[in-house]
Amino acid sequence: MSTTVRAAIIGSTGYGGVELIRLLAGHPQVDIASVVSSSSAGAPIAEGFPHLNEIRTELLDDVDPALLKSKADVVFVATPAGVAAKITPSLLAEGLKVIDLSGDHRLKDRAEYETWYKKEPAGQDYLDQAVFGLCEIYGDAVRGADFVSNPGCYPTATLLGLVPAVKAGFIDPASIIVDAKSGVSGAGRGVSLGNHYAEINENFKAYKLNKHQHIPEIEQVLSDAAGRKVVTTFSTHLVPMTRGIMSTMYATVTGNRTYDDFVSLYRNYYEGRHFVRIRRDGAYPATKEVAGSNYCDIGFAVDERTGRVTIVSVIDNLVKGAAGQAIQNLNLMMGWDETLGLRFVPVYP
Ligand SMILES: NC(=O)C1=CN([C@@H]2O[C@H](COP(=O)(O)OP(=O)(O)OC[C@H]3O[C@@H](n4cnc5c(N)ncnc54)[C@H](OP(=O)(O)O)[C@@H]3O)[C@@H](O)[C@H]2O)C=CC1
Ligand SMILES: CC(=O)N[C@@H](CCC(=O)OP(=O)(O)O)C(=O)O
């Protein structure tokens, strides 16, 4: 039996929210019932986003859980850190399903959130209730859930690239180093000195070394996969492009695993999962090969000389890293095919 779900988007005027509008507009079983803005309620959404002219005519709603309950079944919360922790209890109390795209419900330890995000954490009940929606790893827990915490963009690329090898004991978890790069849309639509054109164009810079808020999220999942506490070096860089993340990961190989062993391990692990594509024959992926799509593409290089493997994982930060994975989570929550409304081919060139 087919059902249609009515969706509301809080933070609909941000990059993640606008991407949700683009993707949900093509979803066969979702109606966009409310687009919400804390600063522009009453204005037509297309006013600030001319690319939606003649396509979306909705007026922006205020952030009002009771109003949202009257219009919607599920709420995507695509707001800056600290906001979802405050709004989510009233949304859940109204009986709405919630998918939080921010970092507010990913870390299960409140003290960790306080340390890395420097904000007031969500209540422990809500952290316990939120299912961490890294679909290809925790999809079984997402099925039928009412409240999902969507993973971060960097953790999505990084963890999909590392978890199979860590779980299978193919690499030493203590040896992992992650070198990650993001396009500028990863920083959101707000302008700051660090992300305006003259600072970014023809420039390439490292930032938040050893301080990035995604470090504990990555370690939380790697520890779960390894069955023991894992700490890792995770370095982030800003690249002068609009979309895309590449995580290049280095680790010491255990035993005599070959390149072919890695390819078959990952192909088996992700068998039947449409959105993870494993490169073969020595090829590794580029960000353009996933742009605009919900794919995560992964490739390997095993160096017998050093005993290390290099794993390259790419995603579009706004799709698999945010809106696309959030919709994949909705599909799982509803018991639908996880690819519903998401089977588009990357934009190329
Ligand atoms: N950009 C990316 O690639 C990714 C982002 N994320 C996370 O998703 C979330 C959204 O990111 P992104 O879209 O890039 O961010 P943006 O800064 O582009 O947009 C966030 C939106 O949130 C709304 N907002 C701000 N404060 C409040 C508030 N107090 N109450 C309600 N709404 C508020 C604003 O819209 P308005 O003023 O209209 O209310 C704003 O447009 C963030 O937590 C981000 O870290 C996660 C993965 C990837
Ligand atoms: C390029 C860039 O600045 N990216 C952001 C990603 C922020 C993000 O998505 O934060 P949460 O997942 O914690 O919500 C950053 O590195 O902080």
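Begin with the whole chain in a cartoon representation: twelve helices and 14 strands are present. The radius of gyration is 20 Å, close to the 20 Å that the globule rule gives for 349 residues, and the chain is therefore as compact as a globular protein of that length. Please note that this is a predicted model.

**The whole chain**

Orient the view along the principal axes. The C-alpha atoms then occupy a box of roughly 65 × 45 × 40 Å. Colouring by burial would mark 47% of the 349 residues as buried. A contact map is also instructive here: among contacts with a separation of 6 or more, 70% join residues 24 or more positions apart.

**The two domains**

Next, select residues 5–129 and colour them as domain 1, then select 154–316 and colour them as domain 2. The distance between the C-alpha centres of domain 1 and domain 2 is 27 Å. Where the two domains touch, domain 1 contributes nine residues and domain 2 contributes eight. Which helix gives the most to the side of domain 1 that touches domain 2? Select residues 110–117, helix α5, which provides three residues of that side. Taken by class, this side of domain 1 comprises four nonpolar, two polar and three charged residues.

**The annotated span**

Now select residues 6–145. In UniProt, an unreviewed entry lists these residues as "domain: Semialdehyde dehydrogenase NAD-binding". Within the span, 39% is helix and 17% is strand. Placing a distance label between the end C-alpha atoms of residues 6–145 should give 17 Å.

**The shell around ligand 1**

Finally, centre the view on ligand 1 and display the residues that surround it, which number 30. The closest are Gly-14, Gly-16, Ser-37, Ser-102 and Gly-188, and these may be shown as sticks. How do the residues of the shell divide into nonpolar, polar and charged? Colouring by class shows eleven nonpolar residues, 18 polar residues and one charged residue.

With the domain colours restored, the shell can be traced to both parts of the chain: domain 1 and domain 2 each supply at least three residues. Two helices deserve a separate selection, α1 (15–24) and α12 (319–333), since each supplies at least two residues of the shell around ligand 1. Of the shell, α1 gives the most, with three residues.

Terms used
Residues are numbered from 1 along each chain as its sequence is written. Chains are lettered from A and ligands numbered from 1 in the order in which they are written. This is a predicted model: local features need pLDDT of at least 70, side-chain atom pairs count only at pLDDT 80 or more; totals for chains, interfaces and linings use all residues. Domain bounds come from an automatic or database domain assignment. Two residues are in contact if their C-beta atoms, placed from the backbone, lie within 7 Å. Helices (H or I, at least four residues) and strands (E, at least two) are DSSP runs, numbered from the N terminus. Ala, Val, Leu, Ile, Met, Phe, Trp, Tyr, Cys and Pro count as nonpolar, Asp, Glu, Lys and Arg as charged, and the others, Gly among them, as polar. A residue is near a molecule or strand if its C-beta atom, placed from the backbone, lies within 6 Å of it. UniProt positions are given in the numbering used here, feature names are shortened, and annotations may be inferred rather than shown by experiment. The radius of gyration is taken over C-alpha atoms; the globule rule is 2.2 Å times the number of residues to the power 0.38. A residue is buried if 20 or more other C-beta atoms lie within 10 Å of its own, exposed if 12 or fewer, and partly exposed in between; C-beta atoms are placed from the backbone.
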